[in-house]
Amino acid sequence: MRQIKICDMTMLQEARHKDRFSLTFKEKTEIAELLDNVGIDVIALEGADDDKSDILRLKAIAGSVKNAVLAVAVKPDKANIDLINDAVKEAKHKRLVLSLPVSTVQMEYSYRLKQEGMLRLIKESLAYMAEVSDDTEFVAVDATRADREFLREVLKTAADAGIKTVSVYDVSGKMLPKEFGEFVSDLMTEVPELKKVHFGAGCSNEITMAAACLIEAAQAGADELKAAAFAVDTAFLNDISRVIFEKEELGIKVNLKAAETSETISRIRWMCKTGKSKTSAFDNEVLGQDSDNDDEINEAFNEEVPEVFKIDSYTINTGSVMTSTAHIRLNKSGRMLEEVVMGDGPIDASFLAIERITGTHFELEDFQIKAISEGREALGQALVRLRSARGLYTGVGRSTDIIGACIKAYINALNKIADKESI
């Protein structure tokens, strides 16, 4: 059985199709973790300009993914390559990816370059990428409509530049599976240099043949297939994985966990379709239920619990024209732990920062905030219910600062879990 890699394009597609679906910072991090846990080999990510929120996004994902390669898009200039390389330097496995058009129409439309100019740009960019990063990829975009002789020259140039993965992508998506398989097979025969690199393939799903085309490409010798758990215009990951799991006679295998792949894909699709993460504080359908049981709440508030985690400080930045961030410091047995995290609102950012600090995640079963006194300096009360594998824990926090009350409530519930369970 020949081992092939799967590259998930979900988050890269989100960057290209904002009109179709949009993900929050937290959702992107969660999707990356889900893909990593289920065995995806490569996670494709949008790159960044010199924007602090984009850089923070890349750094956060780089810190949360343990096994998969983070394949981050770069632009064909040294400054951007350096920027991206630095942003993901903490990733256990990182890859810089340069995607450029190679068809005459797309080269002139996107870059105002003809073949000679594009080849020169490719050579210079790839040489620098290979110099600064151990893992690199070049993607020949619109490859099926390129002049065949020029395409062969481009692929040879990429392979000779020391690039580790060279891929072709069919933007038009008009080929039938057999045609695409022959296209890949012919290239591998015509460009012998491709034998010294990993050869990847991807295609649009214009005529709903993308998954079948990629299966043919794998049989023709492609080492890496580009698909998406939430597919807009590319192959659907679930279609590809099911074929590979069911048809051993294909002679190919993947790292995906067969028992968990379908469920993980369903969860990611739900998040992308609704724009809501199941772990976001405001997206759980049971949140916001009123509770008139003041005795229960007072009992939860007054319950004596060992303070495994103590709040040292917190700084929240939020506004109508900025993404909310939370910088939280907790004291655990005399050791200061802190994280700076972006989120979908100040409370969401705060809760996510606490999760990062503690290395835990519990379902947010209920969340409520209300004033329990009157006037401008009213005392705010927050209630948080966290569900672990062993039970439901209620935390209550009170403060004239409502965000502070929410943080206190979350820590209160977390300490109750820590007292009963080992975290």
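## A hairpin of β13 and β14

In this predicted model, S324 has G343 as its bridge partner in β14. That pair belongs to an antiparallel arrangement in which strand β13, covering residues 322–332, and strand β14, covering residues 335–343, are joined over 9 bridges. The two strands form a hairpin with 2 residues between them, and S333, which sits in the turn, has a positive phi of about 55°.

## The chain as a whole

The chain contains 14 helices and 17 strands, and its C-alpha atoms fill a box of roughly 75 × 45 × 40 Å when the box is taken along the principal axes. Of the 423 residues in the chain, 53% are buried. Among the contacts between residues at least 6 apart in sequence, 65% join residues that are at least 24 apart.

## Strand β3 and its parallel neighbours

Strand β3, residues 42–45, is covered on both faces: V42 and A44 are buried on one side, and I43 and L45 are buried on the other. β3 pairs in the parallel sense with strand β2, residues 5–8, over 2 bridges, and within that pairing D8 stands opposite I43.

β3 is also joined to strand β4, residues 69–74, by 4 bridges, and these two strands run parallel as well; here A44 stands opposite A71 of β4. Between β3 and β4 the chain passes through helix α3, residues 52–64, and the resulting β-α-β crossover is right-handed.

## Two nonpolar cores

Which residues have the most contacts inside the largest nonpolar core? They are I43, F138, F180 and I240, in a core of 91 residues. For I43, which lies on one of the two covered faces of β3, the contacts beyond four places in sequence are with D8, M11, A32, L35, D36, V65, A68, V69, L70 and A71. The list therefore includes D8, the residue that stands opposite I43 in the strand pairing, and also A71, the residue of β4 that stands opposite A44.

Apart from the largest core lies another, made of 33 residues, with F309, M342, A353 and L414 among them.

## The sheet β15-β16-β17 and helix α14

Three strands form an open antiparallel sheet in the order β15-β16-β17, and its edge strands, β15 (363–371) and β17 (392–399), each pair on one side only. From one strand to the next, the twist averages 15°. β15 and strand β16, residues 380–387, are paired in the antiparallel sense over 8 bridges, and F367 has V384 as its bridge partner in β16. Helix α14, residues 402–420, packs on this sheet and touches β15, β16 and β17, with a direction that makes about 145° with that of β17.

## A buried glutamine in β16

Is Q381, a residue of strand β16, buried or exposed? Its relative accessibility is 6%, and because the limit for a buried residue is under 20%, Q381 counts as buried. The side chain of Q381 is joined to that of R398 by a polar contact of 2.9 Å.

R398 also appears in the wider set of contacts of Q381, which, with neighbours within four places in sequence left aside, consists of I297, Q368, I369, K370, I372, V396, G397, R398 and I402.

## Positive phi in two exposed loop residues

Where does R112 lie? R112 is found in the loop between α5 (104–111) and α6 (115–132), and its phi is near 55°, a positive value in a residue other than glycine. With a relative accessible area of 75%, R112 is exposed.

T208 likewise has a phi near 55°, again a positive value in a residue other than glycine, and its place is in the loop between β8 (198–203) and α9 (210–219). The relative accessible area of T208 is 63%, and because the limit for an exposed residue is over 50%, T208 counts as exposed.

Methods: Residues numbered from 1 in each chain as written. Predicted model: local features only at pLDDT ≥ 70, side-chain atom pairs only at ≥ 80, totals over all residues. Heavy atoms only, no water. Buried < 20%, exposed > 50% of the residue type's maximum accessible area, 1.4 Å probe, protein only. Pairing = 2+ DSSP bridges. Right-handed = clockwise from strand over helix to strand, strands pointing away. Axes fitted to C-alpha atoms, helices over the stretch in contact; angles between N-to-C directions. Contact = heavy atoms within 4.5 Å. Core = buried A, V, L, I, M, F, W, Y, C linked by side-chain atoms within 4.5 Å. Polar contact = N/O pair within 3.5 Å; in protein donor to acceptor, adjacent residues only side chain to side chain.
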